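Please open the model in a viewer and keep the selection panel at hand. The tour proceeds from a single residue to a contact between two chains.

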Amino acid sequence: MSNEQNQRQDRVKIHQMPTGVPGLDEILGGGIPEYSFNIVAGAPGCGKTTLVHQFVFANASPERPALYFTILGEPAVKMLRYQQQFSFFDASKLESSIRFINLSQFVLEQDLGAVLEEIIKQVEAHGTRIVVVDSFRTILRKAEPGATEMELQGFVQRLALHLTSWQVTSFLVGEYIEAELRDNPVFTVADGLLWLFQSTERNSIVRKMQVMKLRGQESVPGLHTFRITQDGLQTFPRTFGLAQESGHAKGAHRVSIGIPDLDALMGGGIPDGSSLLVAGPSGSGKSIMASQFIGEGLLKGEPGVVAIFEELPAEFSRRAAQFGIDFDTPQKDGTLKVIYIRPLDLSVDETVYAIVGAVKEIDAKRVVIDSMVGFEMALAPDFRHEFRESLYRMIGALTRLGVTVLSTVEVEESFTSMGLSNFAISFLSDDIIRLRYVSINGQLRKMLMVVKMRGSAHSIDMWEYKITEKGLVIGEALRGYRGLTSGIPGPWPIASVDVDNEP
Amino acid sequence: MNSPSPSIRVWAERLLAVEAANPSGPVAGPEVVRVCERLRVSLAQFVGADGFTALLRRALALARLEVPSLQSARITPAGRLEGIEEACDTGSDVEAAITITAHFLGLLVTFIGQSLARRLMRKAFPDTSEMTESEDF
């Protein structure tokens, strides 16, 4: 055994406790370190109390009793009245495993030393292993007029010392604003500092949290979205639950898109585990292509997930049926999941969480996101400015699962240039197909080109296609025209019909 | 918390034996009191006076669950063990001493790991270095 291995083996093993908050253990790097002294901070109403309640109810037992000290903030009666609306609330744990103790009188009448003694007395008397002080800020407010910073730090330090020595895992809940982060003795002493944020933009509320500090373990940096539902807090880690390296080799096989002639243009189909972006104007057949892609997978026994934002699942299925694709039966059989998300205050992370969950649930091999424009519209305004970065993480997370992703994006058609998307997201995709309208002989016809196939040869021709009752059907290569990409082509001079030299 | 492991109990017994063999130390009283005092002097530099007191209080609380005659024992704010006469009177003094010491050592191992705990013990009890070097807790 190497010296380094010996040293690692010698280190104390810190047991981690589950938080009871879906997704949060991953953000924390495994859970809350046992016997740690933690702060949960944030503005009023952002979910601090609910978070610690989830932790307490997930961990308290007769062998591991919890004490919940309430101080001047929300009275215990009201707290219990509201908190029991959450699904995690287990009334049978009250008194046997979780005790509420009101310290308001102590705080009003006594000094910090007496408050500390009372907390220690109660902790020792009940064999306590979990402690919450809510709100801790109230205790410090009481002391603030006369106490020096050193006195406050001494109080917090003694409290932390006693709680930790007593093998207690503790949480101090407090209403703080970010500006207070600097030089605050409470934050200096804490082992863990979890900050909850809440912001309102236009008509939506966005909630995020950040692990600002966590001693002894590697937490996931950055802001993580969370939502409060009837089940309490639900976090959406930026890693999407996929922190581990992927075991999937990308591109080992080709996946048929369900249109054999198009497969041929792509060099044999879409490399499995890669992402394909289908860009085109409204009505150009993007969603039909996506349906054919999923339908083909279902025929081959490959389950699929479709995330739609612009139409209802029933409409999506009905439209596919017009092209002979049955989406109703596989949905009943559990091989197809159609996810319709449109709450208008969505985060990308939350959407991906739903998609990843569905992929894992049915072991999906194919995913469709239809469309990016609808997706962006469903996001809360606060998330839109980070749409591109979020998509980068989303596509990475999905392809890491080994699924092949087809995303559609609507582009505004211009007859002077040919954009790939309005989001500058084409770099995210391994492969790109562009659909567009062209004006030929007084007709508005449809043209398709394979713009990019990462690491693979593909057709460089531009192909006419039609939408028939069988779906999208590839026609002939449009040769003999110049300026096809502008949408208004003209004939090449007869002597120089050579597409390779098109300017 | 579980009872200390047999190896930690053996470790505690040896610390007590070292003190028993050295009755002319600076502190009078039973071996367990002298062990605690030696630990206090040595560890307070590392964990602080309050830190040591808190750990010893916890060790005593855990020991009381196993040795009821320790009910009258207490830890002073300065971190000294007092009031173990009742245990001596009931003839459970040996078990009481081992149990308190073992719980204290167990807490140290729980919080900082056996490697570091061993190093601190070597500093407090240099004459037990051979034992603490070789045994696994």
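Begin by selecting A:Ser371 in this predicted model; the residue lies in the loop of chain A that runs between β17 (366-370) and α15 (372-378). With a relative accessible area of 2%, A:Ser371 is buried, because the cut-off for that class is under 20%. Display its side chain next: it reaches the backbone nitrogen of A:Val373 at 3.3 Å. Then add A:Phe309, A:Glu310 and A:Thr408, which are in contact with A:Ser371 when its neighbours within four places in sequence are left aside.

Now turn to the contact between the chains, and select the 13 residues of chain A and the 16 residues of chain B that take part. Together the two chains bury about 1,300 Å², of which 58% is on carbon and sulfur atoms. On the side of chain B, highlight B:Arg57, B:Arg58 and B:Phe111; these lose the most area to chain A, together 44% of what that side buries.

Keep B:Arg57 selected and add A:Glu124: their side chains form a salt bridge, at 2.8 Å from N to O. The count of salt bridges between chain B and chain A is 1, and the count of residue pairs in polar contact, both at pLDDT 80 or more, is 2.

Finally, colour α3 (49-66) and α5 (93-112) of chain B, the elements that give two or more residues to the side touching chain A. The largest share of that side, 8 residues, comes from α3(B). Coloured by residue class, the side of chain B that touches chain A divides into 9 nonpolar, 4 polar and 3 charged residues.

Key:
Residues are numbered from 1 along each chain as its sequence is written. Chains are lettered from A and ligands numbered from 1 in the order in which they are written. This is a predicted model: local features need pLDDT of at least 70, side-chain atom pairs count only at pLDDT 80 or more; totals for chains, interfaces and linings use all residues. Side-chain values use heavy atoms; hydrogens and water are left out. Helices (H or I, at least four residues) and strands (E, at least two) are DSSP runs, numbered from the N terminus. Buried means under 20% relative accessible area, exposed over 50%, partly exposed in between (1.4 Å probe, protein chains only). A polar contact is a pair of N or O atoms within 3.5 Å; within protein, one must be able to donate a hydrogen and the other to accept it, and residues adjacent in sequence count only if both atoms are side-chain atoms. Contact means heavy atoms within 4.5 Å. Buried area is the accessible area (1.4 Å probe) that two parts lose on being put together, summed over both. A salt bridge is a side-chain nitrogen of Lys or Arg within 4 Å of a carboxyl oxygen of Asp or Glu. Ala, Val, Leu, Ile, Met, Phe, Trp, Tyr, Cys and Pro count as nonpolar, Asp, Glu, Lys and Arg as charged, and the others, Gly among them, as polar.
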